[in-house]
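Take a look at the model below and let's walk through a few of its parts together.

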Amino acid sequence: MAHLHRIQFPPADGNELSQDEAFFYLVEEEGKRRLRFHDYDQIYLRPGLYEQIFYERLKCSSPQKVGELLRRTLEASDRAISELRVLDLGAGNGLMGEVLKNYGVARLIGVDIIQEAKVATFRDRPGIYDEYYVADFTDLSDDLIEEISDWSIDCLTSVAALGFGDIPTSAFLQAMRFVKTGGYVAFNIKETFLDESDTSGFSRFIRQLIWSEYLKVSHLERYQHRLSMEGTPLSYYALVGQKVAEIPDDFLEKHDIL
Ligand SMILES: C[S@@+](CC[C@H](N)C(=O)[O-])C[C@H]1O[C@@H](n2cnc3c(N)ncnc32)[C@H](O)[C@@H]1O
């Protein structure tokens with residue numbers, strides 16, 4: 001694919017910056033602009049920029065990896081992947097949706113917190129999602145809860161969107177509530193989130209959830225999510241599991257997670 005945008009990585013050692021602080025320069029006719037990797041609104045406004053940075057230059061493989069593990073999990077079960085009714089949380093401009101659509105899932109619902117993600121999806125990948133909600137899952141209205149429930153979701157995916165100031169614990173938990181018992185969950189997280197020494201709320205939540213009676217892990221695999229700006233491989237875990245029981249409302253309080 002032709003490189004449409006002129007991007008420059010900064011001269012300083014980007015390894016010193018955390019993933020949500022990392023930035024690059026975008027050289028446009030109007031001048032040179034500094035954008036953080038997490039300035040998704042500005043990135044999605046420009047067709048192809050997200051793909052150029054994260055997929056072409058930094059070799060992100062996560063939608064394919066998480067999609068492939070979900071497909072293999074379903075293959076080993078008595079369910080067909082084509083029957084799944086998927087909620088894709090942190091859908092962005094639809095890269096995970098594209099993978100799922102290629103597997104022929106029955107319904108595909110996207111969710112993101114910013115309008116620019118929805119606009120970019122409809123511009124660049126029209127027809128991928130049956131519905132796309134711009135919503136904050138930490139604060140859903142009763143009407144929207146009812147509307148999303150009507151989709152009878154039995155699979156939740158979330159790729160490159162958990163932790164690092166993106167989707168918070170309570171939003172992920174809310175998304176899991178939409179998944180029917182017996183349904184599937186497929187997501188990826190940075191490897192340190194499974195490390196006991198990481199005491200952040202999100203990390204403790206994930207560890208409690210993975211080893212809880214509410215989730216049966218089918219597949220957990222460490223893999224290269226993408227490269228850092230300095231070319232260092234960033235390791236993540238991809239996880240696919242089955243929701244085997246409803247998660248109680250007091251799950252976070254019980255485990256002292258804010
Ligand atoms: C790195 S992008 C990943 C997009 C897509 N899943 C992919 O694999 O290319 C992370 C996305 O999560 C979204 N996001 C961040 N916080 C969110 C929240 N609280 N609820 C829903 N989406 C959120 C961002 O707007 C962004 O589109």
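Glycine 110 sits across from tyrosine 132 in β6. The two strands involved, β5 (residues 107-112) and β6 (residues 131-134), pair in the parallel sense through 4 bridges; pairing here takes at least two DSSP bridges between strands. Helices (H or I, at least four residues) and strands (E, at least two) are DSSP runs, numbered from the N terminus. Put helix α5 (residues 115-124) together with β5 and β6 and you get a right-handed β-α-β unit; right-handed says that, with the strands pointing away from you, the path from the first strand over the helix to the second runs clockwise.

A word on ground rules: this is a predicted model, where local features need pLDDT of at least 70 and side-chain atom pairs count only at pLDDT 80 or more, while totals for chains, interfaces and linings use all residues. Residues are numbered from 1 along each chain as its sequence is written, and side-chain values use heavy atoms, with hydrogens and water left out.

Now for the ligand. Around it are 18 residues, and Tyr44, Tyr50, Gly90, Asp112 and Val159 come nearest (a residue counts if one of its heavy atoms lies within 4 Å). One ligand oxygen is 2.9 Å from an N or O atom in the side chain of tyrosine 50. Ligand nitrogen also meets the backbone: 2.8 Å to a polar atom of glycine 90, and 2.9 Å to one of valine 159. Polar contacts like these are N or O pairs within 3.5 Å.

Finally, the hairpin. Strands β9 (residues 215-227) and β10 (residues 233-243) run antiparallel, joined by 11 bridges. Arginine 222 has tyrosine 237 in β10 as its bridge partner. There are 5 residues between the strands, and glycine 231 in this hairpin takes a positive phi near 90°.

How values were computed: A polar contact is a pair of N or O atoms within 3.5 Å; within protein, one must be able to donate a hydrogen and the other to accept it, and residues adjacent in sequence count only if both atoms are side-chain atoms.
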